Amino acid sequence: MKKYQLFAAVVSAGLFLTACSASTTLEATEDNVVGGSVEEINRENVNNNALEQTVNQTFQGEATIIDTEDVFSKRDLSGEYEADECDQITLSDSGFSADSKGVAVDANVITIQKEGTYIIEGSMQDGMIIVDVDKAEKVQLVLNGVDLKSAASAPIYVRNADKVFITLADGTTNTLTNGGSFETIDDNNIDAVIFSKDDLTLNGAGSLTISSPAGHGIVSKNDLVITNGTYDITAASHGLSGKDSVAIADGSFAITSGKDAIHSADDEDDTAGWVYIEDGTFDFAAEGDGIEALNEINIAGGNLKVTKSEEGLEARLINISGGTIDITSSDDGLNATDKRTSTQTAQDENAGGFHGAGDMHEDANISISGGVVRINAEGDGVDSNGYITVSGGDVFVMGSSGGGDGALDYSISAQVNGGTVVAAGQSSMAVNFCEGSAQGAILVNIPSQQQAGTDVVLLDGDGEELIRRTIEKGYNSVVVSCPEITESGTYVLKMGTEETQITMDGLIYGEGHGPGGFGGGHGGMKGGDGSDGMPHRGGMPNGEMPPDEKMRPDGERPNRGNFNGEK
């Protein structure tokens with residue numbers, strides 16, 4: 001197989017500039033190509049330039065796939081029941097007892113076979129509740145002080161129903177546990193403490209503790225809805241999983257998970273896989289992601305704290321309009337990537353035989369319009385394979401301690417039109433917002449590392465403090481944006497012991513590496529001079545890539561993961 005070895009400048013300028021900057025492809029000649037065909041390389045450059053021209057600088061895709069006005073039904077929200085009209089089921093180590101003709105008892109398994117509302121109470125060391133009714137029927141299970149363990153399966157298993165409601169009776173404490181294995185009992189792969197093949201809703205003002213040492217916490221193979229209650233979930237796999245969707249109106253959640261704390265994806269349906277949070281309190285410690293969804297994560301309110309994760313939030317669309325979000329991640333804090341099966345072929349074709357261009361996901365977007373977002377990431381802080389749009393709220397990012405990731409990272413374009421942003425990290429991968437933003441943004445890189453615990457402070461020309469933020473890890477680069485930054489204003493940016501005088505000539509000051517970490521600007525050259533009289537370019541002379549980011553002869557970039565949006 002022929003391999004073409006281009007100089008790094010040719011590759012970075014020719015193949016990886018996107019809509020944020022003008023195309024400046026260098027023509028391949030006999031002087032800058034080692035081996036291969038000059039004609040083929042120039043033809044490849046033409047193809048890539050054509051791709052660049054089709055990409056819009058602002059996100060043009062579908063902003064959301066969720067109808068937030070139609071997520072929760074009245075019955076989802078109410079959790080009401082008439083106790084004197086309910087059937088009773090009592091648990092004990094001697095077995096189940098029930099006053100209903102709608103159930104069948106077989107040793108330590110009780111099967112609900114008729115639509116209705118069932119109040120369940122008592123404790124059992126090894127038992128199982130199965131719901132198996134007509135596909136058009138609904139069942140409500142009221143947990144009224146239940147302690148149920150299933151040694152080798154799900155304590156609650158919904159085999160068939162239109163929809164099942166699990167209501168936590170007010171003031172009650174309930175516990176469901178799996179014993180450490182899931183044995184096959186039918187054609188379904190039961191792998192959660194609560195496992196439902198159909199729509200599942202949890203509500204009520206009681207509490208539920210779930211222990212799943214060999215599987216997931218709660219799983220619905222359709223829609224999972226939670227509207228109230230207090231939940232303490234420990235699971236070897238996902239904490240909450242809804243194949244089509246997970247929607248939470250309110251509640252308190254403490255989830256420790258071996259995979260994602262909340263997960264939603266349907267490999268067979270590219271239109272499904274979303275998570276919506278309206279309110280609630282969340283404390284996640286996840287070995288996987290805090291929240292992962294195939295299509296969309298939409299957070300309108302609540303208090304979300306991710307104390308441990310690989311990636312904090314990951315979806316094709318991430319929409320944040322309210323709430324307070326604190327994320328600690330070993331990789332990216334926010335990551336927008338398009339993993340839909342239907343788009344993979346097109347993305348591979350866009351790569352044009354080179355790694356990197358296939359990372360441009362035109363339907364991926366991170367939109368922050370409100371709330372408070374605080375990120376401490378060892379990968380990229382805010383990373384989109386498509387677009388980033390900030391129009392409101394407060395965004396505070398502490399990026400990687402090393403030089404291989406940036407506080408901000410995007411493949412197509414990033415716009416700031418409102419809100420306050422402070423994004424601190426390393427200069428080697430620093431990028432600014434794009435020209436065309438409606439609000440001013442300043443990027444400054446400095447040669448010296450600033451210690452953890454020092455402040456970033458922005459002052460206007462009169463010395464009035466506009467921004468102050470303490471950065472709790474080492475840094476030598478920062479992006480700041482706030483409504484007070486004007487096109488011709490003068491400012492002082494203090495970064496620890498360093499101070500930079502700034503005179504704006506436009507709304508964007510300073511530039512870093514191009515999208516995805518390669519050389520080339522984001523249209524920020526207009527923004528004025530740095531302290532050395534030249535626009536800063538990622539802390540490296542002439543905008544070059546740092547040594548560990550140089551292109552290999554096969555055109556790949558080392559140590560940055562693969563290029564299909566996955567890590």
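In strand β21, the bridge partner of Asp232 is Ala254, and this pair belongs to a set of 6 bridges that join strand β18 (residues 230-235) to β21, the two running parallel. The model is a predicted one, with a pLDDT that averages 85 over the protein and with 78% of the residues scoring at least 70. Among the elements of the protein, strand β21 (residues 252-257) has the highest mean pLDDT, 99, whereas strand β1 (residues 5-6) has the lowest, 34. The points below follow the parallel strands first, and then turn to the cores, single residues, a cavity and the parts with low confidence.

**Parallel strands**

- On its other pairing, β21 is joined to β24 by 6 bridges, again in the parallel sense, and within this pairing the bridge partner of Phe253 is Phe282 in β24.
- Strand β24 (residues 281-286) also pairs with strand β27 (residues 303-308), in the parallel sense and over 5 bridges, and here Phe282 has Leu304 of β27 as its bridge partner.
- From β27 the pairing continues to strand β30 (residues 324-329), which runs parallel to β27 and is joined to it by 4 bridges, with Lys305 standing opposite Asp326 of β30.
- The two faces of β21 are not alike in their surroundings, for Phe253, Ile255 and Ser257 make up a covered face, while Ser252, Ala254 and Thr256 make up an uncovered one.
- In a regular strand the side chains alternate between the two faces of the sheet.

**Nonpolar cores**

- The largest nonpolar core holds 88 residues, and the members that touch the most others are Ile194, Leu202, Leu240, Phe284, Leu313, Leu334 and Phe433.
- Strand β9 (residues 138-150) gives the most to this largest core, contributing 5 residues.
- A second core, separate from the largest one, has 22 residues, among them Phe396, Leu458, Ile471 and Ile485.
- In soluble globular proteins, nonpolar side chains tend to be buried together.

**Residues in strands and loops**

- Ile218 lies in strand β16 (residues 216-220) and counts as buried because its relative accessibility is 0%, which is under the 20% cut-off.
- Beyond its neighbours within four places in sequence, Ile218 is in contact with ten residues' worth of surroundings that include Ile194, Leu202 and Leu240, each of which is also listed among the members of the largest core that touch the most others.- Ile218 and Ala235 are 17 residues apart in sequence, and their C-alpha atoms are 9.1 Å apart in space.
- Ala236 is placed in the loop between β18 and β19 (240-242), and Ala236 is partly exposed because its relative accessible area, 37%, falls between the 20% and 50% cut-offs.
- Although Ala236 and Ser212 are 24 residues apart in sequence, they are 6.3 Å apart from C-alpha to C-alpha, and Ser212 is one of the residues that Ala236 touches, together with Pro213, Ala214, Gly215, Gly258 and Lys259, when residues up to four places away in sequence are not counted.
- Thr172 is found in the loop between β11 (163-168) and β12 (173-178), and despite this loop position Thr172 counts as buried, with 12% relative accessibility.
- Leaving out residues up to four places away in sequence, Thr172 touches Leu143, Asn144, Gly145, Gly206 and Ser207.
- Ala107, in the loop between β5 (103-106) and β6 (109-112), has a positive phi of about 60° although it is not a glycine, and Ala107 is exposed, with a relative accessible area of 60%.

**Cavities**

- The model has 3 cavities of 30 Å³ or more, and the second largest cavity holds about 40 Å³ of space.
- The second largest cavity is lined by Ala407, Leu408, Ala423, Ala424, Gly425, Gln426, Ala430, Val431, Ser477 and Val479.
- The elements that give two or more residues to this lining are β37 (413-425) and β41 (475-481), and the largest share, 3 residues, comes from β37.

**Parts with low confidence**

- Over residues 32-36 the pLDDT stays under 50, and the model has 13 contacts beyond four places in sequence for this stretch.
- Residues 50-55 likewise keep a pLDDT under 50, and for them the model has 12 contacts beyond four places in sequence.
- Where pLDDT is low, the predicted coordinates should not be read in detail.

Note on methods: Residues are numbered from 1 along each chain as its sequence is written. This is a predicted model: local features need pLDDT of at least 70, side-chain atom pairs count only at pLDDT 80 or more; totals for chains, interfaces and linings use all residues. Side-chain values use heavy atoms; hydrogens and water are left out. A nonpolar core is a set of buried Ala, Val, Leu, Ile, Met, Phe, Trp, Tyr and Cys residues joined through side-chain atoms within 4.5 Å. Buried means under 20% relative accessible area, exposed over 50%, partly exposed in between (1.4 Å probe, protein chains only). pLDDT is the predictor's confidence in each residue, from 0 to 100. Contact means heavy atoms within 4.5 Å. Two strands pair if DSSP finds at least two bridges between them. On a 1 Å grid over the protein atoms alone, a cavity is a set of points where a 1.4 Å probe fits but cannot get out, and a pocket is an open set with protein on both sides within 12 Å along at least five of seven lines; lining residues have an atom within 4 Å of a point. Grid points are joined across faces, edges and corners, and a volume is the space filled by probe spheres set on the points.
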